[in-house]
Amino acid sequence: MRLGLPGIGLGNGSGVIPAPSTVSAVSAFWRADIGAAPAAWTNQLASGDFAQPTAGKRPTVVASLFGSRPGVRFDGAAQGMDGPTTGSVITASAGTIYVLAIVRSITLDAANIYQSDTIVTDASGDWGMGLRSSTGFSSYNYDGTIDEVGPAAVTLATPRIFRWRHSGGNIYQRLDTGSETAGAASGDTLGTTNALRLGYGYTGANFFAALDVGAVVTANAALSAADDARIMRWLRWYGGI
């Protein structure tokens, strides 16, 4: 089992900040300063890595995107990574996903959120976070029909923390430390056997996002307010938010 470092640095004068992997419900944790490379991004837990075997589709790792800290850059045109199966990081009825990212541009304005610039989804588009140029960030879940919650306006070229949550038969979202958007009714995620995708959409050929990603965190059980605060504290530290 891989273990994320317990904490890093003195980012806000508060001493060592525990990494998200110290939260028991966290099922996967990727951080751009440890194990990130164009061909593969190492998961700090044992649930599987992100990878891109095709050279022309690989993102780049760029130093000092989040203050002095690196990020994984997706070009918005052809780059994306596939990770472990959805079912290894969330369940059909519950889960939380955080993505620390800088959105550089938004190109699409699709009626269907799953056909928008994609932050994260799975290989069949059964859930995810997308970006529309007209409205910003929205989240969705597919239980036979697409249920969407949002939108939230996104400031470009600024570190933001995007959170998708599915719990109690509802889909929720939150941007940074703001209020969580009221849930839209949504049953179990239809499929959880497809690969997690970062930076591009379910078709594998479209819906690329121009993103710089500092970290991805997933949880496969309900998080307490204290656990959420611990994860957010680390993400804010890494992102310089």
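User: Why is aspartate 212 called buried?

Analyst: In this predicted model, aspartate 212 has a relative accessible area of 2%. Buried means under 20%, so aspartate 212 counts as buried.

User: How do you know that arginine 73 forms a salt bridge with aspartate 212?

Analyst: Look at the gap: the closest N and O atoms of arginine 73 and aspartate 212 are 2.7 Å apart. The cut-off is within 4 Å, so the pair counts as a salt bridge. The two partners sit in distant parts of the chain, with arginine 73 in strand β5 (residues 69-75) and aspartate 212 in strand β16 (residues 210-219), 139 residues apart.

User: Why is arginine 73 called partly exposed?

Analyst: Its relative accessibility is 28%. Buried would need under 20% and exposed over 50%, so arginine 73 lands in between and is partly exposed.

User: What makes arginine 104 and aspartate 212 a salt bridge?

Analyst: Here the closest N and O atoms are 2.8 Å apart, and that fits the within 4 Å rule. Arginine 104 lies in strand β7 (residues 95-105) and aspartate 212 in strand β16, so this pair ties together parts 108 residues apart in sequence. As for arginine 104, it is partly exposed, at 28% relative accessible area.

User: How do you know which of arginine 197 and aspartate 82 is buried and which is partly exposed?

Analyst: Check each value against the cut-offs. Arginine 197 has 11% relative accessibility, and under 20% means buried. Aspartate 82 has 25%, which is between 20% and 50%, so aspartate 82 is partly exposed. These two also form a salt bridge, with the closest N and O atoms 3.1 Å apart. That pair links strand β15 (residues 195-198), home of arginine 197, with strand β6 (residues 81-85), where aspartate 82 sits, 115 residues apart.

User: How many salt bridges turn up in the whole structure?

Analyst: A search finds 10. Some share partners: Arg163, Arg165, Arg174, Glu180 and Asp228 are joined into one network.

User: How do you know that the span of helix α1 agrees with what is expected?

Analyst: Helix α1 (residues 225-239) has 15 residues, and at 1.5 Å a residue it should span 21 Å. The end C-alpha atoms are 21 Å apart, so the two values agree.

User: Which residues of α1 are buried, and what comes just after the helix?

Analyst: The buried ones in α1 are Asp228, Ile231, Met232, Trp234, Leu235, Trp237, Tyr238 and Gly239. Just after α1 comes glycine 240, with a positive phi of about 65 degrees.

Note on methods:
Residues are numbered from 1 along each chain as its sequence is written. This is a predicted model: local features need pLDDT of at least 70, side-chain atom pairs count only at pLDDT 80 or more; totals for chains, interfaces and linings use all residues. Side-chain values use heavy atoms; hydrogens and water are left out. Helices (H or I, at least four residues) and strands (E, at least two) are DSSP runs, numbered from the N terminus. The expected span of a helix is 1.5 Å times one less than its number of residues. Buried means under 20% relative accessible area, exposed over 50%, partly exposed in between (1.4 Å probe, protein chains only). A salt bridge is a side-chain nitrogen of Lys or Arg within 4 Å of a carboxyl oxygen of Asp or Glu.
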